[in-house]
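This report describes the fold of a single protein model, moving from its overall dimensions to its domains, its core and a few details of the backbone. The sequence and the coordinates are shown first.

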Amino acid sequence: MVTRAPYLKARYSGYHHRHVPQEDTELTHVGPDTPCGEYMRRFWQPICYSDELKDLPIKVKILGEELVAFRDGSGEVGLLELHCPHRGTSLEFGLVGAKGIRCCYHGWLFDCDGTILETPGEPAHSKLKDRLFHGAYPVHEAHGLIFAYLGPPEKMPAFPTYDSFVRPGYRVIPGQKYIYPCNWLQILENTMDAIHTSFLHTIVSGAVFTDEFGVLPELEFMETPVGIIYIATRRIGDNIWSRSVENVLPTLQQVAPIWETGQHEIAFSGPMMSRWIVPIDDTNSMQIELRHVSETPGIVTPDWWADRSVMLPGQMPPDTYEEAQRRPQDFEAQVSQRPIAIHGMEHLGTTDRGITMFRNQIRRGVKAVKAGDDPVGLFHDEDAVIPTYCNNTVVRVPPAKTPELDKKLLRETGRRLAAGYLKAPPLLAAAE
Ligand code: FES
Ligand SMILES: [Fe+2]
């Protein structure tokens, strides 16, 4: 339960606000045995890019657990507890071999599934290695990423294939990976925060995206079968530009192209990026991207986006503190909400409805897992292609007679488009 700070109703009342309430632990804590941690563990989560696994193992931390990932000589990928079960040395210093990884300290050898293959220092007749296993998690390699399942073995879901990843005429490429020193939830909430693109990314820091992002949108939010979208509609001359950015439960966000201007009619664009916000622990989160690059004539992906080494603007802090103060961007805005944002000190307004809706979705998922049920967004059919709803759409709809009527028209148009997409998901139709 969230404790709230007092609602200040008088000038100079800072004194009544000197205590900071606790964070909402049910939604933000992800370690072992926490409600949200158990929820998160029911889903496949990316841990690194495939091409990060070379001849050396890599240390990874996810959901508060320290692990080691490696690819052995047979090509198999292992994800094991970081610390050797013998006397605790970190396997990040281990030797990756033809099969498995060998601890550097006394040479115990572990297979990718946790089988202990050799304990060289033990007498030949020792049965120790036949009785004991080292902790291991299942992995799945797809789209240039390594995914892991950290949940109960008997509950492992199918690996989800979203329609945006198997889109004809598009290529999926790995992008950038970066860490924000803050809780995962406030980063994903930012996806539902459509207003910040008009303020933070346009007025405060100059047009980071296109100038049209500076037009304040009319806003709606809609739950989808896999998560939530916002529907931000803007009047651009005789056109209505409807933009939906999406959270796919629990940690995937899909962002529609940021180079859209709304000047020309376009049909459902799909996402430019799918990015997971993977909790490393309660106060650190890894963002790891896949980029969608068009190979369809007439639909152009800018060169910079197809170049993996180029970073999406505004994601990481500048070189100096002064520059961060003068041109704050996503990093400054989200990380400075505190290591874990305190919901009991917020005052949410009408544009924050998507944030409340998303929190409710997470809470329902947490409760479902607690009750022994499958949370929304989990699938068991290996062959299913799962529809997603992120898009820009630009339609020609001339302005209504008055500004008020036009706002209504914008909202209606956005809702109508989104309802149509929910009924007949465009990328799913293309994938089939
Ligand atoms: S600590 Fe790893 S083999 Fe001894
Ligand atoms: Fe942003």
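The paragraphs below treat the whole chain, then the two domains, then the core, and finally local backbone geometry.

**Overall form**

The model is predicted, and this should be kept in mind for every value given here. The secondary structure of the protein amounts to 11 helices and 21 strands. With a radius of gyration of 24 Å, close to the 22 Å that the globule rule gives for 432 residues, the protein is therefore as compact as a globular protein of that length. Along the principal axes, the C-alpha trace extends over about 90 × 60 × 45 Å. Of the 432 residues, 40% are buried. Among contacts between residues at least 6 apart in sequence, 61% link residues that are at least 24 apart.

**Two domains and their contact**

The domain assignment divides the protein into domain 1, residues 45-148, and domain 2, residues 161-431. The centres of domain 1 and domain 2, taken over C-alpha atoms, are separated by 36 Å. To the contact between them, domain 1 contributes 10 residues and domain 2 contributes 12 residues. On the side of domain 1 that touches domain 2, the elements giving two or more residues are strand E1 (45-49) and strand E2 (58-62), and E1 supplies the largest share, three residues. By character, the residues on this side of domain 1 comprise five nonpolar, four polar and one charged.

**The nonpolar core**

In soluble globular proteins, nonpolar side chains tend to be buried together. Which residues of the largest nonpolar core touch the most other members? Of its 78 residues, they are Ile47, Ile62, Leu67, Ala69, Ala148, Ile229 and Tyr230. Both domain 1 (45-148) and domain 2 (161-431) give residues to this core, so the core lies between them.

Ile47 offers a view of the packing within this region. Leaving aside neighbours within four places in sequence, Ile47 is in contact with Val60, Ile62, Ala69, Leu79, Ile146, Phe147 and Ala148. Two of these contacts, Ala69 and Leu79, are also linked to each other, since Leu79 in E4 is the bridge partner of Ala69. The strands concerned, E3 (residues 65-71) and E4 (residues 77-81), run antiparallel and are joined by five bridges. Together E3 and E4 form a hairpin with five residues between them, and in its turn Gly75 has a positive phi of about 95°.

**Local backbone geometry**

Positive phi values also occur at two residues that are not glycine, Tyr12 and Asp33. The table sets them out with their positions.

| Residue | Phi | Location |
|---|---|---|
| Tyr12 | about 50° | segment before helix H1 (25-28) |
| Asp33 | near 70° | loop between H1 and helix H2 (35-40) |

Are these residues buried or exposed? A residue counts as exposed if 12 or fewer other C-beta atoms lie within 10 Å of its own. Tyr12 has 7 other C-beta atoms within 10 Å and is therefore exposed. Asp33 likewise has 7 other C-beta atoms within 10 Å, so Asp33 is exposed.

A further backbone feature is found at a proline: the peptide bond from Leu249 to Pro250 is cis, with omega near -5°. Pro250 is placed in the loop between strand E16 (246-248) and strand E17 (252-255).

Key
Residues numbered from 1 in each chain as written. Chains lettered and ligands numbered in written order. Predicted model: local features only at pLDDT ≥ 70, side-chain atom pairs only at ≥ 80, totals over all residues. Domains from an automatic or database assignment. Contact = placed C-beta atoms within 7 Å. Helix = DSSP H or I, 4+ residues; strand = E, 2+ residues; numbered from the N terminus. Nonpolar A, V, L, I, M, F, W, Y, C, P; charged D, E, K, R; others polar. Rg over C-alpha atoms; globule rule 2.2 N^0.38 Å. Buried ≥ 20, exposed ≤ 12 C-beta atoms within 10 Å, placed from the backbone. Core = buried A, V, L, I, M, F, W, Y, C linked by C-beta atoms within 7 Å. Pairing = 2+ DSSP bridges.
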